[in-house]
Structures are given as structure tokens and as C-alpha cells.
Amino acid sequence: MRQESLKGIELDDIEPGMNATAERTLTAQDFRLYSHACGDLNPLHLPELDGDGDGETEAICPAAYLASLVSALIGTKLPGPGSRETGWSLRLGKPVRMGETVKVQLVVEEKDARSVTLKARVEGPSGPALEARVTVVPPVKAQTFGSAEISDLLTRKHEKFQRLIAACAGLDPVATAIVCPHTPDSLTGPLEAFDKGLIKPILVGERARIEAAAKKARRDISGCEIVEAEGEEAAAKAACALVREGKAGSVMKGHLHTEAFLKAILSKETGLRGSRRVSHVFVLDVPSEERLLFITDAAVNIAPGLMAKRDIVQNAIDLARALGVKQPKAAVLAAVETVNPAMAATIDAAALAKMAERGQIEGGLVDGPFAMDNAVDVTAAKIKDLSGEVAGHADILVGPNIEAANVMAKELSFVGRAESAGVVIGTSVPVILTSRADSAFARIVSCAVAALHRHWQQTGEPVGALADRS
């Protein structure tokens with residue numbers, strides 16, 4: 001399960017009586033992890049052992065573990081991340097054991113010029129297991145930490161995405177038209193990208209709603225240009241006009257329907273079409289993989305034909321090169337890894353491989369058909385006797401249709417714990433297409449990807465910090 005986002009509370013915003021609660025069922029794994037992390041291997045706490053020789057396993061929760069549950073609630077909820085505990089007094093009560101559920105409660109009791117005193121209680125099935133008073137210094141500035149920034153025991157931080165963000169440090173911020181930033185979520189991501197020097201946001205939409213979203217998000221937008229446009233369609237058209245006028249170098253979707261947004265982008269008369277078929281690419285930082293994965297097309301082309309797929313593959317190769325992959329390896333996917341005339345996807349895959357061999361697709365290696373397993377896993381490729389440089393080593397995964405690509409990307413995100421960025425390319429400028437459910441971090445990375453691709457469009461080379469990566 002993903003760690004939720006965490007947000008701190010500053011001292012000025014804390015008042016006596018504020019409270020927070022949490023529940024936790026104590027598991028054998030909790031006890032094992034705690035005991036080995038701190039070195040407390042007292043058999044009384046370990047679920048498999050009889051610690052005191054009475055013939056029964058005790059599995060009694062360590063007192064310090066109960067205190068750590070209080071500390072966890074302080075550090076995540078009240079006052080939240082950035083809080084520093086400076087004093088403790090506690091009293092133990094009834095023991096609790098493995099399998100039992102405890103409720104942790106915090107209440108602000110007092111407040112002075114620099115700290116707060118919290119009354120804490122851990123309640124077990126038999127009554128209070130721990131009562132304490134804790135003095136805490138709240139964070140100087142309230143900050144929000146998204147799930148991708150918080151490491152856990154199952155995944156690593158999204159280091160590859162952090163490198164992309166860092167690589168943008170030498171670039172000028174890209175003037176970016178944000179379409180309908182009418183909610184705190186759709187506004188916060190672009191503003192955080194602005195804070196990191198990735199973009200210069202131009203807020204396109206209804207001024208009153210933009211200002212209300214900024215107020216709710218507690219963000220200052222006085223330094224941002226606002227272009228008034230009423231309604232989703234008008235805002236999307238206005239953003240495209242800013243690009244055509246040379247005032248914006250990218251466009252970003254805010255809080256509006258994807259259909260309305262793409263309709264404006266894809267308009268032959270007033271949109272941002274380039275010489276190729278427009279396509280979408282998911283860029284994924286999968287914790288278990290050493291390389292970025294690119295999945296296409298999961299958002300624009302529903303059932304592309306062969307020539308459309310040629311453009312889709314070429315777009316993805318260009319994006320991968322812009323992000324520092326010297327010779328991207330593209331695997332064209334199907335349900336099987338052999339050509340079968342009854343399965344059109346396998347015919348397209350074989351044709352795309354031959355087109356790349358003859359120079360109709362440039363800058364990368366293209367092979368197929370592949371099934372998903374032997375595209376990304378060397379062992380699976382060897383078992384099927386698949387040779388070539390792409391087998392088991394693919395950077396780019398080309399779906400046979402929009403359903404397959406979309407399911408693949410969402411599965412990696414929600415089951416494989418990947419973080420994703422999304423851009424539309426084949427357009428005159430990169431188009432940042434994020435979901436309304438995306439985290440602020442995903443929006444920031446999408447801005448970084450767009451900035452790097454824009455640099456590629458203008459120079460034909462990746463940023464220096466990425467040039468030596470493959």
C-alpha cells in the first residue's frame with residue numbers, strides 16, 4: 001500500500017484541543033522488524049518463542065514500540081513532518097500482544113512561543129497501554145511530502161526521476177500555458193515546478209477560480225501571468241494560441257476533461273500538430289528497474305495502423321534520446337513473440353522491425369513481436385530462445401492498442417509501485433498530459449520531461465548531465 005502524502009502544521013496554525021488519532025493492529029512482522037532494527041531480541045517480544053519459560057509464547061509488544069507509534073503520529077499528523085520532539089514523560093499500563101489492535105490518540109494540551117505540549121495515549125483491548133506528555137517544536141515552515149519522496153521497505157526512492165529534475169538545473173524555465181488550473185491539486189504541481197525552476201507558468205482559465213484555488217492551496221500567484229478564458233474549450237484554445245504566438249514553449253493540462261484538452265491540441269486549424277502523428281508516452285520510474293521505461297501509446301491513438309505506429313515508435317525513441325538514452329531499444333508488443341497471420345499486432349511488429357532496419361525509423365533499435373515478459377526480462381527471453389539486443393532489455397514498450405498500453409502503464413503504477421510522467425509529442429511543443437488524480441510529484445516530473453524534450457527539439461542533443469547515460 002502506498003504511503004499517503006504528509007503535510008506539516010506550523011506553530012501559528014496549532015491551537016489547544018487539536019487532535020489526531022490512528023489505529024494499528026500489531027503483527028508478527030511488526031515485532032520482527034522492530035526487534036532486528038533496534039537490536040532488542042528479547043524472546044518475550046518475538047512471536048515464535050517462549051520468552052519466560054512458562055510453556056507459552058508471549059509476543060508482548062515492547063514498550064518503546066508503543067512510544068514509537070506516538071512518535072509516528074506526531075511526525076506524520078500533528079504537527080506532522082518537520083516536527084522535533086524535545087521532551088517526554090510517560091507511564092506504562094496494560095501490556096498488549098501480537099494480533100491486538102491499539103488506538104493512538106494525540107491532543108494539544110498547551111502552546112507557548114516555540115513549542116506545544118501534546119497529551120498522548122495508546123489504548124489497548126484491556127485499557128491504557130501507554131500515557132505520555134510530549135513537548136514538540138513544530139516545523140518552521142509547513143511542507144508537503146508526496147508518496148514518491150518517502151522511501152519504504154519495499155521500494156527505493158524514484159532516483160531516476162530525481163536525476164531528470166536535477167538535469168534541468170542548467171536550463172531556462174520553459175514558459176508553460178497551464179490550462180484550467182482551477183483546483184489546488186492542478187495548481188500546486190505547476191507552482192512547485194516553478195519553484196524548482198522548471199517552468200514559468202502562464203495560468204489560462206477563469207481568474208476567479210484560479211485565485212480561489214491559490215487561496216485554498218495557500219500559494220502566492222502574484223508573479224504569474226493570468227490569461228482569462230471562460231470554459232474548458234476556450235482555455236485550451238487560448239493556450240494553443242500562446243504557443244503559436246511564441247509566448248509559450250509547452251502546454252500543460254490542468255483540471256479539465258482530457259477530451260476537451262486534446263481536441264484543441266489536435267485541431268488542424270488552430271492546434272499544435274507537427275509533421276508526424278501525435279502520440280502519448282508514459283515515462284515510468286519503476287523501483288525494481290535500473291532504467292526508465294517508456295510506454296506508448298496509452299492516451300491518444302485508439303487503434304493505430306502500421307504507419308501511425310511508425311510515428312508512435314519514432315516519437316518515443318526521440319523522447320528517450322532527449323532523456324539521455326543513447327540508443328533506445330523499442331519492443332513492439334503482442335500476446336505472443338512469434339508472427340501469427342491471425343494476430344494483426346504480430347504482423348505490425350515484424351513490419352516495424354524491418355522498417356527500422358531499413359532506416360524508416362531512426363535513432364534506436366526496434367524489434368518484435370515480443371510478449372511483455374521477454375521484452376523486459378533477460379531470463380524469459382533466453383527461455384524462449386529470443387536473440388537480439390532488444391530481447392529482455394527494452395526501454396520502450398509499444399502497445400498494440402490504447403487499451404493494452406493503458407493497462408500496462410496503470411498496472412506498473414498501482415501494482416509495481418512506479419511513478420509516472422506523461423507527455424504528448426509529435427506536436428510543435430511538448431504537451432504535458434497528466435491525470436487529475438496524479439500527485440504533485442508526477443506533475444513536477446512531467447514538467448521536467450517536457451523541459452528536456454523542448455531542449456532536444458531546439459538543439460538535437462540531450463542536456464549535458466544526461467548525455468552520458470544509456
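This is a short dialogue on how to read the sheets, helices and one loop residue of a predicted model.

User: Before we start, what kind of model is this, and how are residues numbered?

Analyst: It's a predicted model, where local features need pLDDT of at least 70, side-chain atom pairs count only at pLDDT 80 or more, and totals for chains, interfaces and linings use all residues. Residues are numbered from 1 along each chain as its sequence is written, and side-chain values use heavy atoms, with hydrogens and water left out.

User: How many helices and strands are there in the protein?

Analyst: Helices (H or I, at least four residues) and strands (E, at least two) are DSSP runs, numbered from the N terminus. Here you get 14 helices and 18 strands. The C-alpha atoms fill a box of roughly 75 × 60 × 35 Å along the principal axes.

User: What share of the residues is buried?

Analyst: Buried means under 20% relative accessible area, exposed means over 50%, and partly exposed is in between (1.4 Å probe, protein chains only). Of the 470 residues in the protein, 49% are buried.

User: What holds strands of a sheet together?

Analyst: Strands of a sheet pair through backbone hydrogen bonds, either parallel or antiparallel. For counting, two strands pair if DSSP finds at least two bridges between them. One open sheet here has 5 strands in the order β2-β4-β5-β6-β3, with antiparallel pairing. β2 (19-25) and β3 (84-92) each have a single partner strand, so one side of each is left without a neighbour in the sheet. On average, neighbouring strands of this sheet are turned by 20° against each other, direction ignored.

User: Can you zoom in on β4 and β5: how many bridges join them?

Analyst: There are 8 bridges between β4 and β5, which run antiparallel. One pair to look up is Val104 with its bridge partner Val122 in β5. The loop between β4 (101-111) and β5 (116-124) holds Ser115.

User: Is Ser115 buried or exposed?

Analyst: Ser115 is buried, because its relative accessible area is 8%. Contact means heavy atoms within 4.5 Å. Leaving out residues up to four places away in sequence, Ser115 touches Leu11, Thr135, Val136, Val137 and Pro138. By contrast, take Ala248: its C-alpha atom and that of Ser115 are separated by 46 Å, with these positions 133 residues apart along the chain.

User: What is the order of the strands in the sheet of 11 strands?

Analyst: This open sheet has mixed pairing, and the order is β10-β9-β8-β11-β18-β17-β12-β13-β16-β14-β15. β10 (225-228) and β15 (365-370) stand at the edges with a single partner strand each, so one side of each has no neighbour in the sheet.

User: Which strands pair with β8?

Analyst: β8 (residues 174-179) has 5 of its 6 residues buried. With β9 (residues 199-205) it pairs in the parallel sense over 6 bridges. Going from β8 to β9, the chain passes through helix α4 (residues 184-195) in a right-handed β-α-β crossover. Right-handed means that, with the strands pointing away from the viewer, the path from the first strand over the helix to the second runs clockwise. Along this pairing, Val174 stands opposite Ile199 and Val179 stands opposite Val204. β8 is also joined by 4 bridges to β11 (residues 250-253), again in parallel. There, Thr176 faces Ser250 and Ala177 faces Val251.

User: Which way do the residues of β11 point?

Analyst: In a regular strand the side chains alternate between the two faces of the sheet. In β11, Ser250 and Met252 point one way, Val251 and Lys253 the other way, and all are buried. β11 also pairs with β18 (residues 431-432), in the parallel sense over 2 bridges, and Val251 has Val431 as its bridge partner there.

User: At what angle do helices α8 and α13 pack?

Analyst: Axes are lines fitted to C-alpha atoms, for helices over the stretch in contact, and angles run from 0 to 180 degrees between N-to-C directions. Helix α8 (residues 306-322) and helix α13 (residues 440-459) pack at about 100°, with axes 9 Å apart. Angles under 35 degrees count as roughly parallel, over 145 as roughly antiparallel, 65 to 115 as roughly perpendicular and the rest as oblique, so α8 and α13 are roughly perpendicular. Asp318, Leu319, Arg321 and Ala322 of α8 meet Val449, Leu452, His453 and Trp456 of α13.
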